[in-house]
Amino acid sequence: MKLNTISDKMTATTIGLQHIMRETSQMYEVFKPKGLQKKLIEALPAIGAEMLMSGLPLELMDGDVAHVPLLWIQAVLDRLTKTLGDKKVFVLSVLGLQSSGKSTLLNAMFGLQFTVSAGRCTRGAFMQLIKVDPDIVDQLEYEYVLVVDTEGLRSPELSANTSLSHDNELATFIIGIGDITIINIMGENPSEMQDILQICVQAFLRMKQVQITPSCIFVHQNVAEASAGEKNMEGRTNLMGKLDAMAVTAAKEEQLDSVTGFSDIIQFDVRTQVFYFQGLLEGDPPMAPPNPSYSRNVQELKNKVLSIAQWKSDSRCSTLSEVNVRIGNLWISLLKENFVFSFRNTLEIMVYSDLEKKVSEWCWKLRKHALEKENKLHNQLQSKTIEDVNYKDLIVDFDQVYNPLKEEKGTYFKESKNPEILNQWKETANKRLENLNMELIQNILKKCKDVITIKKSRSELDQRNSDYEAELLKMSRNLASNIKDQRLTDQDVEEQFDSIWTDWSTKVVNEKPPEERVDVRAVVVEVLRTHFPNQNDLADKIRSEKGQFLLDVKKHVSQAGWKLLDKWHLLHRNPDDYMNQCTQQVTNSVNRYITRKEDERRDFNDGFINEILSIITSEIDSFTESNQIKSTKEYLTDLSVHLCIKAVPTFERMHSSFRKTVDPVTYLESKRDQYLQMFKHHCKGANSITIFADFLCKQLEPAIKQQVNQKTSRQISDLLINNHPAFNGNRCNLENRILEHLAEKLSFEDYEEYIDQPQTYFIGFIHEHVKKYCANDKITDMLIENLHSFKSVVLTVNTDVTAEVVTQCGNAKTWLDSFCLKLGTHMVIKREDLKSIENEDIQNLTELKEMMVKCLNETVMKMKEQEKQNSGKECFATLKHQATEHLSDHHKGCWAKCPFCRATCTNTIPDHEGEHSVMFHRPEALRGSYWKDTDHFALEFCTTSVSSDASFRCQTGVLPYKKYREAGEPYNQWSITADGSNQSYWKWFLCKFQSQWENKKGYKFSGKGEIPQSWSQITRESALKELK
């Protein structure tokens, strides 16, 4: 660190001719003198022109700030044109990584004196003029060569973000002004220049679109063998392949269909425009002699470069005045269009998108296995075929899926066509898969432990219900034996059964212990009192709660914090909007939690309220932090009271439903039809096999139905993820599909919800598409197909168990034990519910097997008819809910919002480590940002702002955007790349809904915030095409 500081100081104190000329250029551009001073200032360009004519380099681009002093450069070139005449000039430029020998190459080629050394010796770009010998002017077709030397790309002296935008700008500018650009590569492998090459290809394509036709030559330096050029045809072929792929990718970015390879952009011959150089020195410096082969290589390159008129069919060198105009137009266009900054390496984006799609596939395979495993374990626990679930066993089970996925992932990275690009995300992909694997295992373990806990708490109740069933069965059998010879009608049989049912029910009610109902509201109040012990008026708040939350800004928002925000002009809308949005966000999260608890069908307990209070606190903290506001404790208390008291009716319903399921009378009432049917069989003299099979199939019916629904919901999720364009990629892809959906609906209210409550809108979007998919007739077919699938499972178990028990000479009880054990893996079948038939006198198990087939067929036929009649009703509601949950879990991630533009973090891991990021940011007007002391919106994009000299206001004061991390949380938790990348979509949105957004935020698109004319020309179609 100390050495770096010393190095920075040395660099800052170094002075050379370029620094003097830089000051001169600034004087010329800034001063607007009159009289004698004006004459003196206007004489300054003559100094620059004299330097060029004397063979000295002149700074073209300031390397410290990546700026071209255009007025100064144009004035110098104007003066040069006046002095020399408007001569024809051949412009030669060079690009390459730092310390790759660019300046050394130019010095050796033309006898120049560009600075050479290890490290960053050239900063920015310098141009030097060389006069052509008059004897060869006619042959070469130009009179001067303008050589442009540039600083090395990917300089370690610059930060990663600064280097990216700096290099992109430099590469594009240098290629644009050169007739030929030498792309200098150290060694035979261009992998280090991969992203630079993509920038170069993009720049060549842009130049072609404005009828500028530069060319390029590739030079590989420090190649070992003298004959490497002849032996490296494979290397040339690989380079051409990469250039072709980059050209096609760049053409897609520019929405051009006519480009199929690099040669469609510029004239390029891989055999003659790729050179291989040996090293400059033979051996190790400082005593190593020069390598003669290097000089020969340089001479061959020089002949090739200078003779451009002979080998480039459309070669035409510009005059000095035309070069002057080209420099001006190019620089102004770059600043105006900003395409350098908005260009992200398109190949990199495509590689990353492909990787994200693969990672999404791998994650779904894991999640799909987890859903199936969870279902299997739940069946086994409920069926009591296993007593516990072991963490190590789960790891071993998941490894059977996880390990092949790891191998597949390794192969994907290994065999990629772009490993040098792909490898930067290898660790992230590994971590995502590993984290998901562990998360799924822990979730399954937790859910299984919950099932075990509930089972243990109900064991006594289940035993009691079992005893009641046995008693009822005994009573009904005795009665049936007494009346079966009386030939009673069905109505008479039912009356007989009703008499014993009434007597038996009365007995159960009399023996039932007093019901201990929970006063849900009292429990909620007690938890609130414990949670807010110092809130003296809590009782009044609870008593006055009427089911509607009333926002009071003076009471609910910290006035000190609000005044601070007002002081620093950080209020992007009125406080009511802020706090209403916060309230809605918290309410949505609490509602989702309550819905999950309802689905679990558990009894109410005070832990639910504690978890709700924890959610409320967490959501408020998250919202206030990201929006730089501070709510009061009063707000937390009032909102907590409102949401907890509001949840009381729901929890009361949950408690009542649960009590009904555990109430012996209610439970046994649900079994009445089964026992009536059994009673009828006994009265009619049916044999034990018929009674046994009929009763068992009726027990299997709800279990089969549950498994059919669960399997179908998983299949729906799988089909949507694999086939639906919105779900068959990562969350960025889903977000793009949502943006398309919004653009098609053109509903400003929907846009408001999406911008303010993205998570809620995401879930709603998923649910709507699941609902639409479930409206398809194929879902009924899928349900029936799965119904037959589980029928086959039961029949297989029936056959296997019968064969096994016959071999063992077992009885009905043995058959039931084995049947439940084998079937319990596939569905919930409780052995204790079958005690009433375990003692049936069954002598012929083969006949039982056949009767089971008959009864099961009848049961399945009845269920099929129900499925067809209930299409779109209760069953479908369950399918939609489960599929929505699966898809929401698969696409869940981080929901943090950029503090500048409110774009949502695209990391797919909730509570992830490291910084938040987003592929494309939005105009800051979407947050409600505006210019100080005006009512004008700020239209800048964060990615442009953080590379500019602009400042922003935060709670710590005014800071330059470049130092946004110093503003503390949440700014320091975000990584915003200074590449100016943006999408046309949000520009189109602001144009389309300009008045609505002005009304919502209270500011105007005028003055500094006036919408550019170019934005107004963006169509919905072009904005949507960019998303694809």
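Start your tour by selecting Cys809: this residue is exposed, with a relative accessible area of 69%. (Buried means under 20% relative accessible area, exposed over 50% and partly exposed in between, using a 1.4 Å probe and protein chains only.) You are looking at a predicted model, in which local features need pLDDT of at least 70, side-chain atom pairs count only at pLDDT 80 or more, and totals for chains, interfaces and linings use all residues. Residues are numbered from 1 along each chain as its sequence is written, and side-chain values use heavy atoms, with hydrogens and water left out.

**Stop 1: unusual backbone spots**

Stay on Cys809 for a moment. Its phi is positive, about 60 degrees, although Cys809 is not a glycine. You'll find Cys809 in the loop between α35 (778-808) and α36 (812-823). (Helices here are DSSP runs of H or I with at least four residues, strands are runs of E with at least two, and both are numbered from the N terminus.)

Now select Leu746, another non-glycine residue with a positive phi, this one near 55 degrees. Leu746 sits in the loop between α32 (731-745) and α33 (748-756), and is partly exposed at 31% relative accessible area.

Next, pick Glu969 and Pro970 together. A cis peptide bond joins them, with omega about 0 degrees. Pro970 belongs to the loop between β10 (957-960) and α40 (984-992). As background for this stop, most residues other than glycine have a negative phi, and most peptide bonds are trans.

**Stop 2: a set of paired strands**

Jump to strand β3, residues 124-131. Is it mostly covered or mostly open? Mostly covered: seven of its eight residues are buried. Add strand β1 (residues 58-62), and you'll see an antiparallel pairing with β3 over four bridges. (Two strands pair if DSSP finds at least two bridges between them.) To spot one contact point, select Met61, which stands opposite Ala125 in β3.

Then bring in strand β4, residues 144-150. β3 and β4 pair in the antiparallel sense over seven bridges. Two places to click are Met127, whose bridge partner in β4 is Val148, and Lys131, whose bridge partner in β4 is Tyr144.

Show the side chains of β4 and look at which way they go. Tyr144, Leu146, Val148 and Thr150 point one way, Val145, Val147 and Asp149 point the other way, and all are buried. Finally, add strand β2 (residues 88-96), which runs parallel to β4 and is joined to β4 by five bridges. Phe90 stands opposite Val145 in β4.

**Stop 3: salt bridges**

Side chains of opposite charge can pair when their charged atoms come close. Here a salt bridge means a side-chain nitrogen of Lys or Arg within 4 Å of a carboxyl oxygen of Asp or Glu. How many salt bridges does the count come to? The total is 32.

Try Lys87 and Glu143, whose closest N and O atoms are 3.6 Å apart. Lys87 is in the loop between α5 (70-84) and β2, while Glu143 is in the loop between α7 (137-140) and β4, so this pair ties together parts that are 56 residues apart in sequence.

Move on to Lys447 and Glu374, with closest N and O atoms 3.4 Å apart. Lys447 lies in helix α19 (residues 426-483) and Glu374 in helix α16 (residues 346-382), so here the linked parts are 73 residues apart in sequence.

For a pair within one helix, select Asp540 and Arg543, where the closest N and O atoms are 2.7 Å apart. They are three residues apart in helix α22 (residues 538-544), and so are separated by about one helical turn. Asp540 is partly exposed at 44%, whereas Arg543 is exposed at 57%. Then highlight Lys358, Glu361, Lys365 and Glu408: salt bridges that share partners join them into one network.

**Last stop: far apart in the chain**

Select Leu330 in helix α14 (residues 320-337). Is Leu330 buried or exposed? At 9% relative accessibility, Leu330 counts as buried. Now add Ile177 and check the C-alpha atoms: those of Leu330 and Ile177 are separated by 7.8 Å, with the two positions 153 residues apart along the chain.
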